[in-house]
Amino acid sequence: VHRVTDLLLLGLLFVAIAIGWLLGRRGQLAASLPLRSPYYEGLQFLLDDRTDSAADAFIDALEVNEETLETYLALGVLMRKRGETDRAIRIHQKLLARGKLSRRQVHNAHLELARDYLSAGLLDRAERLLQDLARESDELREVSLRQLLDLYQGERDWGQALAVGERLLALDSLQSAPQDRVAIRRMLAHCCCEMAIVHDAADEVTDGLRNLQRALAFDANCVRASLLLGRIELGQGRPERALRALRRVRFQSPDFVAETLPLLQECHVALGDNASLKPYLEDCVDYRATPALIVALAEEIERSDGPARAAAYLAIELARRPSLVGLSAMLAQQQRAAVASGAASQPLDALQPVMSRLLAEQPTYRCKDCGFSGRQLHWQCPGCRHWDSVRPLPVHTDD
Ligand SMILES: [Zn+2]
């Protein structure tokens, strides 16, 4: 079906070019196509179902005027979408070389050529064209900067992405698009986080922390920045500061509180504080009872009030909000209780591997935009490349 559609489109484009070509020659002697014209050749190839040769014939016969320009641009886009980037590049290069184009038309052809280069993986050339366009064309500045932002993200060149993103935010055209601005700021916050990770790996703590503060300035709800702040501050022997950063996650995005638990527990150990984790978890569970938080709270209850209290708490919570994670925790707890009291734990022992397998098969994160799911938290969805769209399961619909 795809091939037929392409063939039809190519045919239509050919006719359009031929008409444009004729119109362009109206003032001249012959108002009809010469029989041996390359267009007839191209048409013949098309009729013989030799689209490749037809396309080449059209490209070679290229004659650019006001009437054919748009059609050639469309032909180039079609070639690129078919994956024939070489032909697309040839079309756009010839357009630029042969046509007497206005400044605006040159810019449009440059943009298409940059997109060809991107498809062909010729990123240096694409980057140069897009940087020129962003500087020279008022009309195409925004679209060029957006393409550059994608390019630098793909290259993991976070510094450049940040610079381009800030230029985008400063554009007049974006002042009236608050949703767009939020998405860009969110993305820039992740650029800062990525840079902080690089600094951290190089033991440049001050630069790392500065980038994380910058991330929070772009997006006050950047959970990743808070988690990184917690990790770095804890690593620097400042558990109070780490704790403050981690506790912010609850207000940034309550679904992610469970992600802070391992670091949070380390902070409390470092502070020698056994008492305040439990009330904090109780507050969090009151606000949003995710299975992982319920299990963490049950562990704290077991530590402070003993296994019987913890079992009772888990039983109540599981009845209200059944979850595999909760069931698994309950099973493990009963197993420990059985061992402690000297009772036989064999029936429970047999269940444990089954439970582990069920848990291992269950996705723990899902992208709210494209549905991509898995057991690893990605800050940028591998499916749709959106930032912050992958969330812990179960997904809450109220935020
Ligand atoms: Zn996605």
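Trainee: Which helices do the buried residues of H12 pack against?
Mentor: This is a predicted model, so we read it as such. The buried residues of H12 have several partners. Two of them are H10 and H11. The others are helix H13 (239-247), helix H14 (249-252) and helix H15 (261-271).

Trainee: How many of the residues of H12 are buried?
Mentor: H12 has 13 residues, numbered 223-235. The buried ones include Val-223, Arg-224, Leu-228, Gly-230 and Glu-233. The helix is mostly covered. The count of buried residues is 11 of 13.

Trainee: What span does H12 reach from its first C-alpha to its last?
Mentor: Start with the expected value, at 1.5 Å a residue. For the 13 residues of H12 that gives 18 Å. The model comes close to this, with a reach of 18 Å.

Trainee: Which residue with a positive phi follows H12?
Mentor: Look just past the end of the helix. The phi there is near 75 degrees. The residue is Gly-237.

Trainee: Now H9. Which helices are included in what covers its buried residues?
Mentor: H9 runs over residues 158-169. Its buried residues are Trp-158, Ala-161, Leu-162, Val-164, Gly-165, Leu-168 and Leu-169. Their cover includes helix H8 (141-154), helix H10 (178-201) and helix H11 (205-218).

Trainee: Is Gln-147 buried or exposed?
Mentor: Gln-147 lies in helix H8. Leaving aside neighbours within four places in sequence, Gln-147 contacts Arg-115, Leu-118 and Leu-130. Its relative accessible area is 16%. The cut-off for burial is under 20%, so Gln-147 with its 16% is buried.

Trainee: Which residues does Leu-123 touch, not counting those up to four places away in sequence?
Mentor: Leu-123 is in helix H7 (residues 123-136). At 25% relative accessibility, it counts as partly exposed. Its contacts, with those sequence neighbours left out, are Leu-118, Leu-151 and Glu-155.

Trainee: How far is the C-alpha atom of Leu-123 from that of Leu-148?
Mentor: Along the chain, the two residues are 25 apart. In space, their C-alpha atoms are separated by 9.9 Å.

Trainee: Which protein donors hold the zinc ion?
Mentor: Follow the spacing of the donors along the chain: C-x2-C-x10-C-x2-C. Each donor is an SG atom, lying 2.3 Å from the zinc ion. The donors are Cys-367, Cys-370, Cys-381 and Cys-384.

Trainee: What is the arrangement of the donor atoms around the zinc ion?
Mentor: Ideal angles for four tetrahedral donors are 109.5 degrees. Here the 4 donor atoms subtend angles of 101 to 115 degrees. To count as tetrahedral, all angles must lie between 85 and 135 degrees. The angles around the zinc ion therefore make the arrangement tetrahedral.

Trainee: Is Cys-370 buried or partly exposed?
Mentor: Take another zinc donor, Cys-367, as a start. Cys-367 counts as buried, at 3% relative accessibility. Cys-370 has a relative accessible area of 39%. That value makes Cys-370 partly exposed.

Trainee: Why does Cys-191 form no bond with Cys-192?
Mentor: A disulfide is a covalent bond between the sulfur atoms of two cysteines. The cut-off for a pair is 2.5 Å. Cys-192 holds the closest cysteine sulfur to that of Cys-191, yet it is too far for a bond, because the distance is 6.8 Å.

Trainee: How many disulfides does the count come to?
Mentor: Cysteines can be buried without being paired in this model. Cys-191 is buried at 0% relative accessibility, and Cys-284 is buried at 2%. By the sulfur-distance rule, the number of disulfides is 0.Trainee: Is Asp-388 buried or exposed?
Mentor: Asp-388 sits in the loop between E2 and E3. Its phi is positive, about 60 degrees, although it is not a glycine. Its relative accessible area is 18%. That makes Asp-388 buried.

Trainee: What share of the chain do buried residues make up?
Mentor: The chain comes to 20 helices and 3 strands. It has 399 residues. The buried share is 45%.

Note on methods. Residues are numbered from 1 along each chain as its sequence is written. This is a predicted model: local features need pLDDT of at least 70, side-chain atom pairs count only at pLDDT 80 or more; totals for chains, interfaces and linings use all residues. Side-chain values use heavy atoms; hydrogens and water are left out. Helices (H or I, at least four residues) and strands (E, at least two) are DSSP runs, numbered from the N terminus. Buried means under 20% relative accessible area, exposed over 50%, partly exposed in between (1.4 Å probe, protein chains only). Contact means heavy atoms within 4.5 Å. Donors are N, O and S atoms within 2.8 Å of the metal (3.2 Å for Na, K and Ca); water is not among the atoms, so sites may look incomplete. Four donors count as tetrahedral if all angles lie between 85 and 135 degrees; four count as square planar and six as octahedral if opposite donors are over 155 degrees apart and all others between 65 and 115; anything else is irregular. The expected span of a helix is 1.5 Å times one less than its number of residues.
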